[in-house]
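Here is a short report on one protein chain. Keep the structure open while reading.

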Amino acid sequence: MTEKMVVAIKVVFVAVCMWTTMPAQETNKKGTAAAVFLRIPVGARGLGMGDAYVSMKDDPSAMFWNPSVLATVQANALIVDHARWLPGIDFDYVGIVLPLQAAGTVGISTTILHTDEMDVTTPDQQMGTGEKFTASSIAVGVTYSRSLTDRFSIGGSFKYIHESLWDSYASGIAFDIGTIFVTPFAGIRLGASIANFGTKMKMDGDNLNVRVDIAPDMEGNNQSVTGKLNTDAYDLPLIMRIGISGEVFQTKDYRLTLAVDAVNPNDNAQSANLGAELGLLGEKIVLRTGYRDLFLADNEFHQSFGVSLNNIEIVEGVTVSLHYAYQQYAHLGESNRFTVDLRF
């Protein structure tokens with residue numbers, strides 16, 4: 001590692017520590033955003049590195065982390081990501097990336113979070129009415145990224161968001177923007193992104209209709225007037241990420257990369273993520289580990305781990321990489337993430 005690289009990493013790490021340990025605001029922002037599934041990390045690579053991924057390159061999951069990084073994907077790519085996120089909840093992500101050479105790079109993605117069937121209960125029928133319901137959240141996005149120079153790229157995404165709970169629903173739109181800069185100092189990368197800037201979301205639908213007796217003290221009036229419960233509108237989970245990453249050492253057969261991200265969401269306190277990635281046998285096998293939400297009070301996440309088998313040739317010109325990540329929670333068990341990255 002060069003002296004300049006050491007100095008740069010130390011400066012950024014100290015800045016992140018100072019930023020994330022500033023006195024917290026008196027107001028607790030937890031639980032104040034809608035569509036929080038938009039914060040669930042995409043891809044086993046990023047999850048395995050403790051979400052320190054805003055400045056990492058050559059991964060189609062960049063449509064989630066930092067849309068500008070999509071410009072570093074050199075071949076057509078298809079990514080399929082799946083996890084049993086929490087008990088009774090599945091998370092799925094599908095994306096395709098198409099480099100257009102000098103015209104930039106385009107990506108299309110779909111994110112789906114859905115629950116198992118659950119029993120409908122009421123105060124009078126607490127064991128269930130016999131009816132079933134589900135909840136789901138869907139986001140469909142289009143991403144565009146372009147390299148303005150050989151060191152600087154910019155990108156953005158547009159997303160349509162829809163959430164449903166039985167017969168109630170909410171919809172909205174959001175935008176992401178990001179940049180990445182490869183510095184002349186040992187190839188250190190600086191990345192930044194702002195995600196989920198958009199409209200407020202408010203629940204509507206038949207489940208909010210209630211029968212109202214507008215004059216309960218009077219006899220003979222209409223007792224079947226339909227009223228509607230009024231719900232509040234909530235902001236989307238706006239999140240800003242700033243990060244640095246670089247290769248501590250790199251040879252033909254081995255590579256070690258370190259990454260640090262500072263994270264500032266609108267529905268929680270500031271925190272930092274730290275990750276490492278070790279490439280072996282010319283990137284055929286890659287090991288990862290990381291810590292998420294450092295300096296955050298009541299951190300739910302323990303250390304994460306990941307492994308990849310890269311560039312397995314299926315047919316001529318088509319390769320597949322298989323990624324796995326493991327995340328242990330403090331109170332919610334564990335999550336196993338599986339990602340397939342197909343290049344063609």
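## A buried charged pair

Both Arg288 and Glu277 are buried. Buried here means under 20% relative accessible area. This is a predicted model. The two side chains meet in a salt bridge, with 2.6 Å from N to O. Arg288 sits in strand E18 (residues 285–294), and Glu277 sits in strand E17 (residues 271–280). The two residues are eleven apart, and the pair links distant parts of the chain.

Which residues share a network of salt bridges with Arg288 and Glu277? Arg45, Asp59, Arg255 and Glu283 belong to that network too.

## Other salt bridges

Side chains of opposite charge can pair when their charged atoms come close. A search of the whole structure finds 18 salt bridges. Three of them are listed here.

| Salt bridge | Closest N to O |
|---|---|
| Arg288 and Glu277 | 2.6 Å |
| Lys132 and Asp119 | 2.4 Å |
| Lys228 and Asp204 | 3.1 Å |

Lys132 forms its salt bridge with Asp119. This pair links distant parts of the chain, 13 residues apart: Lys132 is in strand E5 (residues 132–133), Asp119 in strand E4 (residues 118–119). Are these two residues buried or partly exposed? Lys132 counts as partly exposed because its relative accessibility is 44%. Asp119 is also partly exposed, with a relative accessible area of 42%.

Lys228 pairs with Asp204. Lys228 lies in strand E13 (residues 225–228) and Asp204 in strand E11 (residues 204–205), 24 residues apart. Asp204 has a relative accessible area of 30%, so it is partly exposed.

## The chain as a whole

The protein chain has three helices and 21 strands. Its C-alpha trace spans about 85 × 55 × 40 Å along the principal axes. Of the 344 residues, 42% are buried. The chain exposes about 17700 Å², and carbon and sulfur atoms supply 61% of that area. Take the contacts between residues at least 6 apart in sequence: 55% of them join residues at least 24 apart.

## Strand pairing

Strand E6 (residues 135–147) has two partners described here. With strand E3 (residues 105–115), E6 pairs in the antiparallel sense over ten bridges. Val106 stands opposite Tyr144 in E6.

How many bridges join E6 to strand E7 (residues 152–165)? There are 13, and these strands also run antiparallel. Ser136 stands opposite Ser164 in E7. Four residues form the hairpin connection from E6 to E7.

## The nonpolar core

The largest nonpolar core holds 34 residues. Ala35, Phe37, Phe91, Ile161 and Met201 have the most contacts inside it. Helix H3 (62–65), strand E1 (77–86), strand E2 (89–99) and strand E8 (168–182) each give two or more residues to this core. Which element gives the largest share? Helix H3 does, with four residues.

Phe91 deserves a look. Leaving out residues up to four places away in sequence, Phe91 touches Ile40, Pro41, Val42, Asp81, His82, Ala83, Trp85, Thr111, Ile112, Leu113 and Arg337. Phe91 also belongs to an aromatic cluster with Trp85, Phe301 and Tyr329.

## Ile180 in strand E8

Ile180 is found in strand E8. Ile180 counts as buried because its relative accessible area is 4%, under the 20% limit. What does Ile180 touch beyond residues up to four places away in sequence? Its contacts are Ser55, Asn66, Ser68, Val69, Arg151, Phe152, Ser153, Arg189, Leu190 and Gly191. Val340 is 160 residues from Ile180 along the chain, and the C-alpha atoms of the two are separated by 25 Å.

## Aromatic pairs

The count of aromatic pairs comes to eight. One of them is Tyr324 with Phe338, which is tilted: 5.2 Å centre to centre and 45° between the planes. This pair, too, links distant parts of the chain. Tyr324 is in strand E20 (residues 318–329) and Phe338 in strand E21 (residues 334–343), 14 residues apart. Tyr324 has a relative accessible area of 26%, so it is partly exposed. Phe338 is partly exposed as well, at 47% relative accessibility.

Terms used:
Residues numbered from 1 in each chain as written. Predicted model: local features only at pLDDT ≥ 70, side-chain atom pairs only at ≥ 80, totals over all residues. Heavy atoms only, no water. Core = buried A, V, L, I, M, F, W, Y, C linked by side-chain atoms within 4.5 Å. Buried < 20%, exposed > 50% of the residue type's maximum accessible area, 1.4 Å probe, protein only. Contact = heavy atoms within 4.5 Å. Pairing = 2+ DSSP bridges. Salt bridge = Lys/Arg side-chain N within 4 Å of Asp/Glu carboxyl O. Areas by Shrake-Rupley, 256 points an atom, 1.4 Å probe, with all protein chains shown as cover. Phe/Tyr/Trp six-rings, centres within 6.5 Å; stacked < 30°, edge-to-face > 60°.
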